Amino acid sequence: MKEEHIFFIDGNIPKPKLPLIPYLIFANEHRDAYKDKPMVVMAKEIGMKWKNSSKEEQLVYQKKSDKLKEEYKVQLEKYNEDLLKTDKMKVLQNQIGSVLGHFKSKPISKKDVHSQKWLKMVDVKYQDHHQKPTPYESVERTTRGSSAIDGVDILAIVDTYDNSKHLLLTVQYRPPLEALAIEFPTGLVDDGETAVEAAIRELKEETGFEMEESNIKRISPAVCLEPSMTNSNTKLIYANLHESQMGDQNLEESEFIKIILVPLSILLDTLDKFQDSGCIVDGKVYAYALGLMSSSFMKE
């Protein structure tokens, strides 16, 4: 039996399946006779068999379909009653559990192979889905402190004096990319520092904006960045700022960062223009821009 691999995570109890029409009931009953043939041939031959069947035989399947319709009405009525009594968050948790329950992988061991100031190469061994020990290679930061958080990214919406909304972004040269990168203001969390403290400090240093805790509207859990390569993580700090909070940068001698404020209304187009100009746009920034575009489509 083929293992289920697609799950709807929506917090809703399972809705009754729509009753099959007579032809589909007929097709399901005759499918095994054509299982060795290509799908297109199977569909064509079953269709012809249905077309050539007698009215009496088709009536048998019509009665089966009618019975399913009656059962569906009863199921739907019960579904609507249960829906009113459903704890949506509990259902959501159960749905998540049904997905996670399929996985058997777990870590076995890891060993540092090569370490430098900021990064280290690690040999990993883990138990795969078939419960077989499997080797893997990983990169880790050497700077992770007691908070277990590597860094913060600040997603800051800036209200300007003309009452328009802009996204605050940085432009700086990133040696691994051999190019300029368009990013959210970002930085590492110092040992003993909270994500909020790091965000306030990094935003001031990189951009000059003086953020207060009251400006922060949401803090994400620690989310991964490139999970096939590294365990590096970050917390996304969502904040609302005003142009009046802008001040002077406090960069380290080795840093050279420029700040851009991009109207949300033209964010995606602007990012594409930067990409066309030879810059590399951070995936988190581009995903946010696509999310804005998708939300605008949903409102139409």
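Which segment does I9 lie in? I9 sits in the segment before α1 (22-30). This is a predicted model, and the briefing below walks you through a nonpolar surface patch, the largest pocket and the salt bridges.

**Surface patch**

- I9 joins I96 and L100 to make a nonpolar patch on the surface, with an area of about 250 Å².
- I9 counts as partly exposed because its relative accessible area is 41%, and partly exposed covers values between 20% and 50%.

**The largest pocket**

- If you are looking for the largest pocket, its volume comes to about 1700 Å³.
- This pocket is lined by 44 residues, and the closest to its centre are R141, R174, E183, T186 and L188.
- Sorted by class, the lining holds 17 nonpolar, eleven polar and 16 charged residues.
- Helix α5 (residues 195-207) gives the most to this lining, contributing four residues.

**A salt bridge beside the pocket centre**

- Two of the residues closest to the pocket centre, R174 and E183, also pair with each other: their side chains meet in a salt bridge, at 2.9 Å from N to O.
- E183 is buried because its relative accessibility is 9%, under the 20% cut-off.
- R174 has a relative accessibility of 28%, so this partner counts as partly exposed.

**Other salt bridges**

- Across the whole structure, a search finds 18 salt bridges.
- As general background, side chains of opposite charge can pair when their charged atoms come close.
- Within helix α3 (residues 55-84), K78 and D82 are four residues apart, which is about one turn of the helix.
- K78 and D82 form a salt bridge, and their closest N and O atoms are 2.8 Å apart.
- D82 is partly exposed, with a relative accessibility of 23%.
- Further along the chain, D282 and K284 meet through their side chains in a salt bridge of 3.1 Å, N to O.
- D282 is buried because its relative accessibility is 18%, whereas K284 is partly exposed at 25%.

**A salt-bridge network**

- Beyond these pairs, you can also find a network of salt bridges that links D190, E193, R201, E202 and E205.
- Helix α5 spans residues 195-207, and the network members R201, E202 and E205 fall inside that range.

How values were computed
Residues are numbered from 1 along each chain as its sequence is written. This is a predicted model: local features need pLDDT of at least 70, side-chain atom pairs count only at pLDDT 80 or more; totals for chains, interfaces and linings use all residues. Side-chain values use heavy atoms; hydrogens and water are left out. On a 1 Å grid over the protein atoms alone, a cavity is a set of points where a 1.4 Å probe fits but cannot get out, and a pocket is an open set with protein on both sides within 12 Å along at least five of seven lines; lining residues have an atom within 4 Å of a point. Grid points are joined across faces, edges and corners, and a volume is the space filled by probe spheres set on the points. Helices (H or I, at least four residues) and strands (E, at least two) are DSSP runs, numbered from the N terminus. Ala, Val, Leu, Ile, Met, Phe, Trp, Tyr, Cys and Pro count as nonpolar, Asp, Glu, Lys and Arg as charged, and the others, Gly among them, as polar. Patches are made of residues with over 30% relative accessible area and no salt bridge: like charges are joined within 9 Å, nonpolar side chains (Val, Leu, Ile, Met, Phe, Trp, Tyr) within 5 Å. Accessible areas come from the Shrake-Rupley method with a 1.4 Å probe; for residues, only the protein chains shown count as cover. A salt bridge is a side-chain nitrogen of Lys or Arg within 4 Å of a carboxyl oxygen of Asp or Glu. Buried means under 20% relative accessible area, exposed over 50%, partly exposed in between (1.4 Å probe, protein chains only).
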